[in-house]
Amino acid sequence: TAVISFQSANRFYFSGFTSSAGAVVVTRNNAFLLMDFRYYEKAKKTVKGLNVLLCERLYVQMAEILKKENVKTVFLETEDISVAKFKTLCECFSGINISDKPYIQNVINGLRSVKDEEELKCITKAQEITDKTFNYILGRLEPGRTEKEIALEMEFFMRKNGSEGISFDTIAISGKNTSLPHGVPTDKKIENGNFFTMDFGAKWGGYCSDMTRTVAIGNITEKQAEVYNTVLKAQKEALKNIKANVICKEIDRISRNIIDTAGYKGCFG
């Protein structure tokens, strides 16, 4: 039996090495990391616990490894493989059963769902950078600046303070644009009386943070304050009720009921 991992986050999890391509092959007795010439030199020097191989013909080399290791069945990450790649593997690995069962996917998901101390340190550091960025940008949100300007300044600040990159495309939107949960920063200028929503995150040690905050620019109306405080109340009640063995939809119901009974039923997708 063997396991093949193509998915970049899983490759990083198993090897500690970041790359845009490659594969991990794990058999009963050995583990291999196949990297092309762009990554091979660094991987060879830094990766521990796996045999790093220069990848020139990926599928052919994997087939040779499987044959040498006397593998009869291969398990794949079923959540992240295309039909085309699955068919190609079946053709290349002649005489080997390529399982389409989610067994190994469930094992990997289970492993990754529990964070060890080093992972927790990385996540905490990523969030520290994110918090620092939020505090920094608060003093720079003012009428006349554009959403794009703010987003770029936030990203630059995160990089300057050690972030390896952004967790995802930064959302920094104002006024009417804040009704778009995943709105894209535009050339719209911030105006007095706007809400300003930021959804952003930093990356540290390969791990990401993700934080959303909405603040008010200048003076806001009573209606805006009511909406803001309704959401805040829903959030606080959710936090009070989150604990082990409570399912997510129960927490959602608690939050959603507060929003619905405040007169905003149907406003929260």
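**Exercise 1. Determine which side chain Arg145 meets in a salt bridge, and state how accessible each partner is.**

Step 1. The side chain of Arg145 meets that of Glu149 in a salt bridge, at 3.4 Å from N to O. A salt bridge here is a side-chain nitrogen of Lys or Arg within 4 Å of a carboxyl oxygen of Asp or Glu.

Step 2. The model is predicted; local features need pLDDT of at least 70, side-chain atom pairs count only at pLDDT 80 or more, and totals for chains, interfaces and linings use all residues. Residues are numbered from 1 along each chain as its sequence is written, and side-chain values use heavy atoms, with hydrogens and water left out.

Step 3. Arg145 is buried, at a relative accessible area of 17%, whereas Glu149 is partly exposed at 37%. Buried means under 20% relative accessible area, exposed over 50%, and partly exposed in between (1.4 Å probe, protein chains only).

Step 4. Arg145 and Glu149 belong to a network of salt bridges that also links Arg140 and Glu153. The structure holds 13 salt bridges.

**Exercise 2. Describe how the salt bridges Lys121–Glu118 and Lys240–Glu237 are placed in their helices.**

Step 1. Lys121 and Glu118 meet at 3.5 Å, N to O. Both lie in helix 6 (residues 117–138), 3 residues apart, about one turn of the helix. Helices (H or I, at least four residues) and strands (E, at least two) are DSSP runs, numbered from the N terminus.

Step 2. Lys240 and Glu237 meet at 3.0 Å, N to O. Because they are 3 residues apart in helix 8 (residues 222–241), about one helical turn separates them.

Step 3. Lys121 is exposed, at 51% relative accessibility. Lys240 is exposed at 62%, and Glu237 is partly exposed at 24%.

**Exercise 3. Establish the strand order of the open sheet of 6 strands, and locate helix 2 on the sheet.**

Step 1. The order is 4-3-2-1-5-6, with mixed pairing. Two strands pair if DSSP finds at least two bridges between them.

Step 2. Strand 4 (51–54) and strand 6 (97–99) are the edge strands, each pairing on one side only. From one strand to the next, the twist averages 25 degrees.

Step 3. Strand 3 (residues 31–35) runs parallel to strand 4 and is joined to it by 4 bridges; Phe32 has Asn51 in strand 4 as its bridge partner.

Step 4. Helix 2 (residues 37–46) packs on the sheet and touches strand 3 and strand 4, its direction making about 150 degrees with that of strand 4. Contact means heavy atoms within 4.5 Å. Axes are lines fitted to C-alpha atoms, for helices over the stretch in contact, and angles run from 0 to 180 degrees between N-to-C directions.

**Exercise 4. Identify the elements that give two or more residues to the largest nonpolar core.**

Step 1. The core has 18 residues, and those with the most contacts inside it are Ile4, Val25, Met62, Leu66, Val74 and Phe93. A nonpolar core is a set of buried Ala, Val, Leu, Ile, Met, Phe, Trp, Tyr and Cys residues joined through side-chain atoms within 4.5 Å.

Step 2. The elements are strand 1 (2–5), strand 2 (23–27), strand 3, helix 3 (58–68) and strand 5 (73–76). Helix 3 gives the most, with 3 residues.

Step 3. Beyond its neighbours within four places in sequence, Leu66 is in contact with residues including Ile4, Val25, Val74 and Phe93.
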